[in-house]
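Reader: I've got this protein up on my screen and I'd like a close look at one part of it, the place where two helices meet and what surrounds them. Could you walk me through it?

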Amino acid sequence: MACILSTPSSSSSAPFLLPSELLPSRAVKPTSLSWASSFPKLGIFGFVSNRSPPIPTLKKDSFIQAAWTRRSRGELAKRPNRKSWKQRTDMFMRPFLLNVFFSKRFIHAKVMHRGTSKVISVATTNSKDLRYSLPSLTDHNACRVVGQLIAERSKEADVFAMSYEPRKDERIEGKLGIVIDTIKENGIIFV
């Protein structure tokens, strides 16, 4: 069935194959007599095939289901202590955490390493050097001093980026906003 053509003008007599030799033989009878069934079934993209692609089904222990971060209620009931992806990786993505506490008499701030719980830097208006030098230990000026001390002590410990996670229903404004803005102004990046 192979047809070999040679052109008289070409100097080399290399055989030339027609496109009909590249296609499989039509010895296989089509299952239905339709226009689409007359085309050969090739596993190449772009050719029409009568068969529809298989519908993917998810198994219960499929890796796709394990990659989801949101869990269904049934899965939550089975394993209530399993943490989400963000909960498992957030400690490594943002390792240094700022903690600010305002009491009626003092302002306390510290930067901790989340993985080891090691305190990197601490500043409080209750310390001896600030307690007697500041006129008020809870006003806006005291917030600026605490923010500046935290930034300087964090830079000494080679920490130039930190994060702050507000508590539930806590807004970053007022005294807390002053502390965080002062830390940013002194060269610390918040992530």
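Author: Here's a walk through the helix pair, the core it feeds into, and a few residues around it. Keep in mind that this is a predicted model.

Let's start with the overall layout. The protein has 7 helices and 5 strands, and along the sequence they run α-α-α-α-β-β-β-α-α-β-α-β. Of its 191 residues, 20% count as buried. If you take contacts between residues at least 6 apart in sequence, 48% of them link residues at least 24 apart. The protein exposes about 15,100 Å², and 59% of that comes from carbon and sulfur atoms.

Now for the pair itself. A packed pair of helices is described by the angle between the axes and the distance between them. Here the partners are α6, residues 140–156, and α7, residues 174–185. They pack at an angle of about 35°, and their axes are 8 Å apart. The crossing of α6 and α7 is right-handed. On the α6 side, the contact is made by H140, C143, R144, G147, Q148, I150 and A151. From α7 come K175, I178, V179, T182 and I183. Sort the residues of this contact by character and you get 6 nonpolar, 4 polar and 2 charged.

Next, the core. The largest nonpolar core has 27 residues, and the ones that touch the most other members are L98, V100, I150, M162 and I183. You've already met I150 and I183, in the contact between α6 and α7. The elements that give two or more residues to this core are β1 (96–102), β2, α6 and α7. The top contributor is α6, with 7 residues.

V100 is worth clicking on. Leaving out residues up to four places away in sequence, V100 touches H108, A109, Y164, R167, L176 and V179. V179 is also one of the α7 residues in the helix contact.

Then have a look at S163, in the loop between β4 (161–162) and α7. Its relative accessibility is 0%, so S163 counts as buried. With residues up to four places away in sequence set aside, S163 touches R94, F96, L97, L98, F190 and V191. One of these, L98, is among the core residues that touch the most other members.

M112, in strand β2 (residues 107–113), makes a nice comparison. Its relative accessible area is 23%, so M112 is partly exposed; the buried label needs a value under 20%. Not counting residues up to four places away in sequence, M112 touches P95, F96, L97, S117, K118, V119 and I120. F96 and L97 also turn up among the contacts of S163. The C-alpha atoms of M112 and N99 are separated by 7.8 Å, and those two residues are 13 apart along the chain.

Finally, two loop residues with an unusual backbone. Most residues other than glycine have a negative phi. D158, in the loop between α6 and β4, has a positive phi, near 60°. D158 is exposed, with a relative accessible area of 61%. D169 sits in the loop between β4 and α7, and its phi is also positive, at about 60°, although it isn't a glycine. At 76% relative accessibility, D169 counts as exposed. That loop, between β4 and α7, is also where you found the buried S163.

Methods:
Residues are numbered from 1 along each chain as its sequence is written. This is a predicted model: local features need pLDDT of at least 70, side-chain atom pairs count only at pLDDT 80 or more; totals for chains, interfaces and linings use all residues. Side-chain values use heavy atoms; hydrogens and water are left out. Axes are lines fitted to C-alpha atoms, for helices over the stretch in contact, and angles run from 0 to 180 degrees between N-to-C directions. Helices (H or I, at least four residues) and strands (E, at least two) are DSSP runs, numbered from the N terminus. A crossing is left-handed if the near helix is turned anticlockwise from the far one by less than a right angle, and right-handed if clockwise. Contact means heavy atoms within 4.5 Å. Ala, Val, Leu, Ile, Met, Phe, Trp, Tyr, Cys and Pro count as nonpolar, Asp, Glu, Lys and Arg as charged, and the others, Gly among them, as polar. Buried means under 20% relative accessible area, exposed over 50%, partly exposed in between (1.4 Å probe, protein chains only). A nonpolar core is a set of buried Ala, Val, Leu, Ile, Met, Phe, Trp, Tyr and Cys residues joined through side-chain atoms within 4.5 Å. Accessible areas come from the Shrake-Rupley method with a 1.4 Å probe; for residues, only the protein chains shown count as cover.
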